[in-house]
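These are my notebook entries on a structure I looked through step by step. I wrote down each thing I looked up, together with what I found.

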Amino acid sequence: MTEIPTAAESAHPASEAGEYTGLLGWVSSVDHKVIGIMYFILVLFFFLIGGIEALLIRIQLAQPRNTFLSPTAYNQIFTMHGTTMIFLVVVPTLIGFAVYFVPLMIGARDVAFPRLNALSFWMVVFGGLFLYFSFFAGGAPDVGWFSYAPLSELPYSTTPGVNYWALGLLAIGIGTVTGGINLIVTILTLRAPGMKLRRVPLFVWMVFVNSFIILFALPPLNASLVMLIIDRLLNGNFFTPATGGSAILWEQYFWAFGHPEVYIMILPAWGMISEVIPVFSRKHIFGYGIVAGSSVAIAVLSFLVYAHHMFAVGLGNPFDIAFATASFMIAVPTGIKIFNWIATMWGGKIRFTTSMAYAVSFLVLFTIGGITGVSFAAVPIDWQVEDTYYVVAHFHYVLFGGTVFALMAGLYYWFPKISGRMLSERLGMLNFWLTFIGFNMTFFVQHILGLMGMSRRIYTYPNLPGWASLNLVSTIGAFVLGLGILVLLVNMAYSLRRGKVAGDNPWKAWTLEWATTSPPPPHNFDEIPPVRSQRPLWDLVHPENPDWKHAGD
Amino acid sequence: MTDKNKLGMIFFILSEAVFFIMLILAYVYFHYFPPSITSGPTAASSLDPGRTFIFSLFLFSSSFTVWRAEKSQVQGSLQRMRFWLIITILFGVIFLFGQSLEWSHLFSQGTGISTNQFGTTFFTLTGFHGVHVTIGLIMLAIVLGLALRGHYSEPGSVGVTVISWYWHFVDAVWVIIFTIVYLLLLIR
């Protein structure tokens, strides 16, 4: 770049974001908003792949003794579906939202380490590509998303699929840890003047707590992955019982990561709900301190409940009782939040936008998932329904009915800020209803199938009474759900071009990201409004009755 | 403390600590509570605590020398900082040399990572520690290179401090590994 840029070029935002333009400008960017958008593109891509995999699973299970997929292909597809949705969709989406919005919400120019931010993102990209390359290198992993030993070991998995799984996840794991460190330091050091930790938006609070879970929960995953890699590539002896290793050790290590991971996937989603519900109820959040504090309790407890995934192993009564107790306990701070959100809506002036519709149905669906979750804490129930479709129904209510519905609420809420244009409400409500009906059709019946004894991860099933019709309902529901997602894609494509121009603050919200233009300029803010309470933009519009005049913060 | 580099390193170290705790637990589990009896080499039959202790002294002392380097930088004495950095790197290299002697000794006895649980856990644990020492050495070398080009002349610069924290961490991990893998052999 030896040419001197013209005045028009130097005024262009791209030249402020980096020295390159076009595609290279994107790839080389360290701007948190550009990286955030790249996260969204990445997860959309993998969400479509993971969704197609889910539809393939449902086609195979649509009727008894179906031969649409071979057993091997079926195993590969459900493994890749789970791995993709957890590691390449849900977690990167939450980190993408955090990377985009945390600096804006705390009034910062960027994250603390912009280049580390880019590294985190690209680690996830290449981890994902590596994982999917396994399809061309002798077959995808086919041992389930938690790769239990000794099935995942060389004698039982001779194709290299598990190697790609482990190395791909290791790259993603490293990227996630560095992302977590970056967000913690950003929130600790870059808050605007006046923004005490008790004044940050709850989404930022949740991301903050969540990053600590990432910090301590991802290393056990990374450690178990390198041990598995050593077993498989260097003939190590960690997890193979035949040579003195311990298969249980893998379960202990993996779930020491795996259960905190569940909370990693829900905490930022709660943060989004805590932003959306107050804005569309026109009320301040009920019990800010309680919502924030109960998240800390959940973060601590999340490390003490993991062995409820292992009740069927037979670790002994004292062990089972300890983890059952902790698992019951974690339901308390979770339940408290639900009441906080309901109390926020109570007496509010509710605007049923698509975002709010998703947020309200989140409350219902997540509560159902939570209740079935508590039922697993009871050891005898766990023994009865372990590894059945009851489990599948449970975690889809938590991760889809919970996290994905919250993400949708967040997407409809923040899309105007990111793109400068509103999503169509008409298409939005169509998208919502198709998704809501499709989701419940797909997964509610799976509770019943599980209680009837249908095992998860079986590629086909005999024609027992009721199984065929319930599975068919589930499959039809999955396609309705897929149609709902298709409407979302149409809505985004349409609204990006023709959507109503959003303006700075279309929802009349109160947090700092709405104080700048939509989309924000590369430097985020020309001027940051004074922060004297949790709702700086409320104070700005209501100088006669600002929040900071009342008791507390 | 509001320096982002210091905070970033603290949280990175915390995360790394959990990683090492997992590897150390795996060693302790297979060494002291083996799920089944296996034959072959053990720590007692293969390791030489005395020689490793001597090489460990170099790593332990390097925590002192890197601390001197940091203090010299704060006091604005670049000359002394470079000197202590060079000594630190030297000690780190000597420690790694000791590790390579230990490894080649084990290899010559036919003990490798695939031999049995002792081999797997020992080489995994000391190997990952060695990788971290190597990364520390690279970072120290970068700091030294920058110092030779005249960086860090301002007292407020935190680069040396942050790298020294990482080096202390690598050292502290070795204190624990040395205790569990070598010292406890002598007590039993």
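Are α13(A) and α16(A) roughly parallel or roughly antiparallel to each other? Before answering, I noted that I am working with a predicted model.

**Entry 1: a pair of helices in chain A**

I recalled that two packed helices are described by the angle between their axes and the distance between the axes. I looked up both values for helix α13 (residues 354–377) and helix α16 (residues 425–451) of chain A, and I found an angle of about 20° with the axes 9 Å apart. Angles under 35 degrees count as roughly parallel, and α13(A) and α16(A) are therefore roughly parallel to each other. I also checked the hand of the crossing of α13(A) and α16(A), which is right-handed.

Next I listed the residues that meet: α13(A) brings A:T354, A:A357, A:Y358 and A:S361, while α16(A) brings A:E425, A:G428, A:M429, A:F432 and A:F436. Sorted by class, the residues of this contact are five nonpolar, three polar and one charged.

**Entry 2: where the two chains touch**

I then turned to the contact between the chains, to which chain A gives 26 residues and chain B gives 24 residues. On the side of chain B that touches chain A, α1 (4–32) and α5 (117–148) of chain B each supply at least two residues, and the largest share, 13 residues, comes from α1(B). By class, I noted 13 nonpolar, 10 polar and one charged residues on that side of chain B.

**Entry 3: backbone details in the loops of chain A**

Which peptide bonds did I find to be cis? One runs from A:A149 to A:P150, with omega near 0°, and A:P150 is found in the loop between α6 (114–133) and α7 (161–189) of chain A. Another joins A:S518 and A:P519, with omega about -10°, and A:P519 is found in the loop between α17 (467–498) and α18 (536–541) of chain A.

I also looked up phi for two residues other than glycine. For A:R65 phi is positive, near 55°, and this residue is found in the loop between α4 (32–60) and α5 (71–105) of chain A. A:R65 counts as exposed because it has 9 C-beta neighbours inside 10 Å, where the cut-off for exposed is 12 or fewer. For A:D387 phi is also positive, near 60°, and A:D387 lies in the loop between α14 (379–385) and α15 (389–419) of chain A. Because A:D387 has 13 C-beta neighbours inside 10 Å, I entered this residue as partly exposed.

Notes
Residues are numbered from 1 along each chain as its sequence is written. Chains are lettered from A and ligands numbered from 1 in the order in which they are written. This is a predicted model: local features need pLDDT of at least 70, side-chain atom pairs count only at pLDDT 80 or more; totals for chains, interfaces and linings use all residues. Two residues are in contact if their C-beta atoms, placed from the backbone, lie within 7 Å. Helices (H or I, at least four residues) and strands (E, at least two) are DSSP runs, numbered from the N terminus. Ala, Val, Leu, Ile, Met, Phe, Trp, Tyr, Cys and Pro count as nonpolar, Asp, Glu, Lys and Arg as charged, and the others, Gly among them, as polar. A residue is buried if 20 or more other C-beta atoms lie within 10 Å of its own, exposed if 12 or fewer, and partly exposed in between; C-beta atoms are placed from the backbone. Axes are lines fitted to C-alpha atoms, for helices over the stretch in contact, and angles run from 0 to 180 degrees between N-to-C directions. Angles under 35 degrees count as roughly parallel, over 145 as roughly antiparallel, 65 to 115 as roughly perpendicular and the rest as oblique. A crossing is left-handed if the near helix is turned anticlockwise from the far one by less than a right angle, and right-handed if clockwise.
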